[in-house]
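Subject: Two-chain model for you

Hello,

Here is the model I promised to pass on. Please open it next to this message. My notes follow below.

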Amino acid sequence: MPFKRYVEIGRVALVNYGKDYGKLVVIVDVIDQNRALVDAPDMVRGQMNFKRLTLTDIKIDIKRVPNKKTLVAALEAADVKNKWESSSWGRKLIVQKKRASLKDFDRFKIMLAKIKKAGVVRQELSKLKKETTC
Amino acid sequence: MSYKYHQFQVVGRGLPTETEEQPKIYRMKLWATNEVRAKSKFWYYLRKLKKVKKSNGQMLAINEIFEKNPTTIKNYGIWLRYQSRTGYHNMYKEYRDTTLNGAIEQMYTEMASRHRVRHHCIQVIKTATIPAKLCKRESTKQFHNSKIKFPLVFKKVRPPTRKLKTTYKASRPNLFV
């Protein structure tokens with residue numbers, strides 16, 4: 001299988017370890033075989049080991065080491081935020097975050113909703129069962 | 001990013017005597033883990049260069065030097081003199097890093113791993129930021145490419161915090177990128 005996601009200038013990556021866990025960052029330059037210079041709108045440009053990054057499919061069009069303004073403009077132009085949040089990976093992360101931040105009342109509401117949904121499914125199933133047996 | 005080696009500027013001179021009212025002041029830039037070690041290193045080098053010791057000298061100033069642009073990548077060339085098992089040798093090494101302290105730390109760890117030279121056997125002669133055209137080593141020159149592109153061949157699977165580390169896993173990991 002050939003590789004589809006490359007480390008290149010403009011590649012958007014997700015931080016999977018450390019202080020900035022869960023953030024989307026842009027690879028802005030490559031320092032050496034193990035480290036990249038990485039930038040995001042809400043952090044100071046800094047170096048990060050590739051072991052802490054997971055590459056995504058999104059790539060934006062920037063030159064080597066753009067200044068913050070150009071980077072933010074390029075992110076807006078490529079619409080990275082919406083692309084990420086509408087991708088299946090992005091949606092899964094949003095759901096995980098929501099589930100982790102539920103309060104007891106929210107969990108109670110979810111329990112009621114689950115019971116209701118299970119009741120509806122069971123009714124449909126029993127209807128189908130009746131049709132096939134009789 | 002915390003670095004083990006900090007860069008200090010140390011200024012000192014010999015004590016004034018009756019024959020020499022205003023002795024010459026000497027300034028050195030050196031790397032040490034802390035200020036105390038930096039002062040000690042200063043006297044070590046000064047003893048080898050001039051006829052002055054810590055007992056007949058005084059420290060005038062010691063300041064830490066911080067990196068001016070820690071957000072840009074630079075190519076550092078480091079000239080060093082090290083002691084191997086059979087004698088002293090000079091060496092020139094190149095590193096790509098964002099800060100000089102980072103490059104020096106890379107140098108110390110690389111000398112330890114490649115040549116088994118410990119920290120106290122290494123003397124840094126000179127450091128400089130090298131423009132890309134003048135770099136000598138292929139391993140730094142291969143990153144001088146504005147359209148650099150390579151895949152990450154092997155994905156290390158690890159939990160996002162050390163707390164979630166377990167000795168046994170239920171299934172084998174998927175290592176493809």
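I will start with one residue. A:Val65 is partly exposed, because its relative accessibility is 25% and the partly exposed class runs from 20% to 50%. A:Val65 sits in the loop between β6 and α1 (68-78) of chain A. Its backbone deserves a look. A:Val65 is not a glycine, yet it has a positive phi of about 50 degrees. Most residues other than glycine have a negative phi.

Please keep in mind that this is a predicted model. Everything here is computed from it.

Chain B has a residue of this kind too. B:Arg116 has a positive phi of about 55 degrees and is not a glycine. Look for B:Arg116 in the loop between α2 (100-115) and β6 (122-130) of chain B.

Chain A

Chain A holds four helices and six strands. The order from the N terminus is β-β-β-β-β-β-α-α-α-α. Chain A is more spread out than a compact globule, because its radius of gyration is 22 Å and the globule rule gives 14 Å for 134 residues. Along the principal axes, its C-alpha atoms fill a box of roughly 70 × 40 × 30 Å.

Of the 134 residues in chain A, 34% count as buried. Its exposed area is about 9,300 Å², and carbon and sulfur atoms supply 57% of that. Now the contacts with a separation of 6 or more. In chain A, residues 24 or more positions apart account for 49% of them.

The charges come next. Chain A carries 31 positive and 15 negative side chains. The centres of these two sets lie 5 Å apart.

One acidic residue is worth a stop. Is A:Asp20 buried or exposed? A:Asp20 counts as buried, because its relative accessibility is 18% and the limit is under 20%. A:Asp20 lies in the loop between β2 (11-15) and β3 (24-30) of chain A. Leave out residues up to four places away in sequence, and A:Asp20 touches A:Val15 and A:Met48.

Chain B

Chain B has three helices and seven strands. From the N terminus they run β-β-α-β-β-β-α-β-α-β. The radius of gyration of chain B is 22 Å, where a compact globule of 177 residues would have one near 16 Å. The C-alpha trace spans about 80 × 45 × 40 Å along its principal axes.

Of the 177 residues of chain B, 34% count as buried. Chain B exposes about 12,300 Å², with 51% supplied by carbon and sulfur atoms. Take the contacts between residues at least 6 apart in sequence. In chain B, 58% of these join residues at least 24 apart.

Chain B has 38 positive and 11 negative charges. Their mean positions are 11 Å apart.

Two residues show how the early part of chain B meets later parts. B:Glu64 is in strand β3 (residues 57-65) of chain B. B:Glu64 counts as partly exposed, at 28% relative accessibility. Neighbours within four places in sequence aside, B:Glu64 is in contact with B:His6, B:Gln7 and B:Phe8. B:Glu64 and B:Val10 are 54 residues apart in sequence, but their C-alpha atoms are 8.7 Å apart in space.

The other is B:Asn34, in the loop between β2 (25-32) and α1 (35-49) of chain B. B:Asn34 is partly exposed, with 34% relative accessibility. Its C-alpha atom is 8.8 Å from that of B:Lys4, and the two residues are 30 apart along the chain.

Between the chains

The count over all chains comes to eight aromatic pairs. Which arrangement do the rings of A:Phe50 and B:Phe150 take? The pair is edge-to-face, because the planes are at 85 degrees and the class begins over 60. The ring centres are 5.8 Å apart. This pair crosses between chains. A:Phe50 is in the loop between β5 (43-49) and β6 (53-59) of chain A, and B:Phe150 is in strand β7 (residues 149-151) of chain B.

Both rings belong to buried residues. A:Phe50 counts as buried at 6% relative accessibility. B:Phe150 is buried as well, with a relative accessible area of 17%.

Best wishes

Notes:
Residues are numbered from 1 along each chain as its sequence is written. Chains are lettered from A and ligands numbered from 1 in the order in which they are written. Side-chain values use heavy atoms; hydrogens and water are left out. Helices (H or I, at least four residues) and strands (E, at least two) are DSSP runs, numbered from the N terminus. The radius of gyration is taken over C-alpha atoms; the globule rule is 2.2 Å times the number of residues to the power 0.38. Buried means under 20% relative accessible area, exposed over 50%, partly exposed in between (1.4 Å probe, protein chains only). Contact means heavy atoms within 4.5 Å. Accessible areas come from the Shrake-Rupley method with a 1.4 Å probe; for residues, only the protein chains shown count as cover. Lys and Arg count as positive and Asp and Glu as negative; His and the chain ends are not counted. The place of a charge is taken as NZ of Lys, CZ of Arg, CG of Asp or CD of Glu. Rings of Phe, Tyr and Trp (its six-membered ring) pair if their centres lie within 6.5 Å; planes under 30 degrees apart count as stacked, over 60 as edge-to-face and the rest as tilted.
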